[in-house]
Amino acid sequence: LAPYLRPGRNVLAVLARFYGEPTPWWMPAPCTYGLGAGCFTFEAVFPDGLLVSDQQWRAKPGEAWLTVPPAPGLSSTRPEAVDARLLPAAWHDLDFDDEHWKPAIELQVNHVGFSGDHRPPTAPYGPMTPRPIPQLRGRSRPAVVTAAAVALKSDNQSDPVDQVSADLTAAPKIARLKGQSLPFTVELADDYDAGVLILDFGEQTAGRVEIEIEAAEGTQLDAKAAEALDNEGQLQALQQHSGFRYVARGKADRFETFDPIGLRYLGISLRGRGSVTIKTAQVNERLFPRKGGPFFECSDPELNKIWHAGRRTVDLCSQDAYVDCPSREQRAWTGDAVVHTLVDLVSNLDWSLVSANLHLAASPRADGLLPIAAASDFAYANQTYSPDWSLHWIHALWNYARHSGGTETVRSLLPVAERIVQWFLPFQSDGLLTDVTGWLIIDWSAVTTKGASGALNALWGRALRDFKQLSEMVGDSGRALWAGELWVQLRKDFQRFWDPERRLYVDSIVDGDQQPPVSQHTNAAAIVARLTKGVDDRELIETVTDPDRLVQASWLVPGEPATLQGAGDMYRGISFLVEGPPDPWWDTDKHIVAAQPFFRYVVHDAVAVADRADLIPQLCRDWQRLLARSETTFSEVWFGGSHCHGWSATPTRDLLSYTVGISPATPGFGRARVAPALGDLEWVRGAVPTPHGMIRVEASADTLKIESPVEVDVIFGGLDTRVGPGTNTLSAL
């Protein structure tokens, strides 16, 4: 509060919302006799005492907020609707007269085992702990008007998003404008016509949408968010259902949404009489702050764009947790966050969100598996679970420990990781995980998982290695030995996936028989799990990265090549999730199913393990096809989906970790490793954070410069040596 306080009198005003039912980013606490049905608690500590929420506060129910039915589909949100005629304009100002507001009611917190004290901490919430991450912030992004029209008469809709869709459809012609700045005035002929506008914020953004209008009392403004426009200039929803309604009070009409919205475009429908002026419209970004310092540059301008786009993508998905996308859902999917974690560990000085998200997701079900999306409606319903998503969480924990050396975090979360590993044991048959239940996502590619899944067994093998090393980090030799023995046996049994004729690991074994399909997923995961006994990893990588062998296949678009240009509706094959996938339509003897952007982080890890990090720059150029769709953020998959999906941002990690080549040699960067792999690049530069300070590297084909606060193991140009802290310049042999 300190930065906002002024000498003299101050007022503290709060807008609190109780959702009532689970949302993509919130789930209710269990009810006790006194709490659980909505409450507001405030506590600020001062040197001479506490400022707390009690009966000295005055309160008013939020009658201005109207009920809108929940949206269908993945969004599952309720668009906000506010009638400003029921909301005092200056309620948060110092001189506002709140004498007619009633004193706040101090709730009684009785529960079984009640101690007699109604102050926090109390059930069901527990202690009020400090916020683990900084306050969210960001730039304010103003909009311009790109299209305007007058719609014909159409039915009123209870949902503001549906209202905009109906009015845009009813408009006989939309006039396209070349980015006309606000203010913008629309003349409304009568109560049944609607003025429609499309605003453009310039790029994908996320935050609270703020709009200021000048209009007659009762004028209704409906808004619909979208990430893109179609070829006709209409809003392209892409499974997103978010927006708001604002009914004007006729004066001081400025409104900011309560919840953040991810979007680039905002469709607006205006209903009323007379002139309406949109004075301002902007998105006030609410993102996890990124501190300067880490960077990447190279001789290829396109790779520089790709690196920055990945970082921007993760930034927009970094809110109070790592969310899959800022637009469609905003759910904290447990497995997606492994890529967000990898990106932030190399490109952000502040790792508090990495730690906070790991702890947030560590809320296991009764059987030990993690929820598919933490602290969400999905977690609350507990109907769908994804075994492989919990394995990616273990890998995120391993990476955090590797970079930070955070043994306290490892000790607190190691039991969670152990229960995940143990969850799979009953599914072992002849040494392999077989017929594992739940949704094996892998990624959106058409990876066969029936019977014994090669990709899942390999991910479990990687988790066993990760768990072993985490146990060793905290001196738990017993757990390390147990995990190591499981891995040794799995490595032996995993060879049943090996097809000696094609020299590839197949995707599945059913009733003891190898099935024909093969993928990058199974083979890359086998390499990173070190399960490739007796197999040449370099040869395997050369095969699974051969563009002539790869097929872009996805169950979501069955029967078609899943390309960015040709897929159409990304989800028309979604029924396979409950009906089972169709038969492969590609040549399974010849083709290798290519990974979508998410699983490419495993593929690139495998490339590095196979000592072919020189391939990374060329592999990262695949992301150019995503920049063709959105210039500053990465899409969900190669062929569509949301325009900003954090799980697609792996090049931002890889270009620093593998191309510039900076990584921890020991946990917590007690010693660093620098092994540049330029591939076809002339030069690279970059900087990566460590607990001891930044490591900066500049490399060309024959010269390497390192600035480091710790010792560095160097592999470069025929050199395999160690240098001390400080600045070192080396020449290739």
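Guide: Two strands pair if DSSP finds at least two bridges between them. The model here is predicted. With that in hand, we can start with a hairpin.

Visitor: Which strand does the hairpin join to β33, and through how many residues?

Guide: The hairpin links β33 to β34, and two residues make the connection. Strand β33 covers residues 695–700, runs antiparallel to β34 and is joined to β34 by four bridges. One position to look up is R696, which stands opposite E707 in β34.

Visitor: What pairs with β34 besides that, and over how many bridges?

Guide: Strand β37, residues 726–731, pairs with β34 in the antiparallel sense, over six bridges. To find the register, take S708: its bridge partner in β37 is G726.

Visitor: What is the order of strands in the open sheet of five?

Guide: The order is β18-β32-β33-β34-β37, and the pairing is antiparallel. β18 (295–298) and β37 are at the edges; each has a single partner strand, so one side of each is left without a neighbour in the sheet. From one strand to the next, the twist averages 5 degrees. At the β18 end, four bridges pair β18 with strand β32 (residues 683–688) in the antiparallel sense. Within that pair, E297 stands opposite R685 in β32.

Visitor: Which residues of β34 are on the covered face, and which on the uncovered one?

Guide: In a regular strand, side chains alternate between the two faces of the sheet. In β34, residues 703–708, the covered face holds L704, I706 and S708, while T703, K705 and E707 are on the uncovered face. Two of these have already come up: S708 through its bridge partner G726, and E707 as the residue opposite R696.

Visitor: What is the order of the open sheet of three strands?

Guide: That one reads β23-β26-β27, again with antiparallel pairing. Its edges are β23 (452–453) and β27 (513–514); with a single partner strand each, they have one side left without a neighbour in the sheet. Strand β26, residues 508–510, pairs with β27 over two bridges in the antiparallel sense. The bridge partner of I509 in β27 is Q514.

Visitor: How many residues of helix α3 are buried?

Guide: For helix α3, residues 337–347, the count is 11 of 11, so the helix is largely enclosed by the rest of the structure. The buried residues include H340 and D344 as well as V338, L342 and V346.

Visitor: Where is the place of L358?

Guide: L358 is in helix α4, residues 352–361. L358 has a relative accessible area of 3%, and because the limit for buried is under 20%, L358 counts as buried. Leaving aside neighbours within four places in sequence, L358 is in contact with W393, A396, L397, Y400 and L413. Y322 is 36 residues from L358 in sequence, and their C-alpha atoms are 9.7 Å apart.

Visitor: How many cavities of 30 Å³ or more are there?

Guide: Rolling a probe the size of a water molecule over the atoms shows where empty space is left. In this model the count is two cavities of 30 Å³ or more. The largest cavity has a volume of about 40 Å³. Its lining is T334, A337, V338, T341, V354, N357, L358, W393 and A396. Two or more of the lining residues come from each of α3, α4 and α6. By class, six are nonpolar, three polar and none charged.

Visitor: Which residues line the second largest cavity?

Guide: Y322, A332, W333, T334, N357, L360, A361 and A374 line the second largest cavity, which holds about 30 Å³ of space. β19 (332–333) and α4 each give at least two lining residues, and α4 gives the most, with three. This lining has six nonpolar, two polar and no charged residues.

Visitor: How many residues line the second largest pocket, and which lie nearest its centre?

Guide: The lining has 35 residues, and R402, A608, V609, Y658 and R673 are nearest the centre. The space in this pocket is about 910 Å³. Helix α6 supplies the largest share of the lining, five residues. Among the other elements supplying at least two are α3, α8 (454–473) and α13 (600–609). By class, the pocket lining has 16 nonpolar, eight polar and 11 charged residues.

Key
Residues numbered from 1 in each chain as written. Predicted model: local features only at pLDDT ≥ 70, side-chain atom pairs only at ≥ 80, totals over all residues. Heavy atoms only, no water. Buried < 20%, exposed > 50% of the residue type's maximum accessible area, 1.4 Å probe, protein only. 1 Å grid on protein atoms, 1.4 Å probe; cavity = no way out; pocket = protein on both sides within 12 Å on 5 of 7 lines; lining within 4 Å. Points joined across faces, edges and corners; volume = space filled by probe spheres on them. Nonpolar A, V, L, I, M, F, W, Y, C, P; charged D, E, K, R; others polar. Axes fitted to C-alpha atoms, helices over the stretch in contact; angles between N-to-C directions. Contact = heavy atoms within 4.5 Å.
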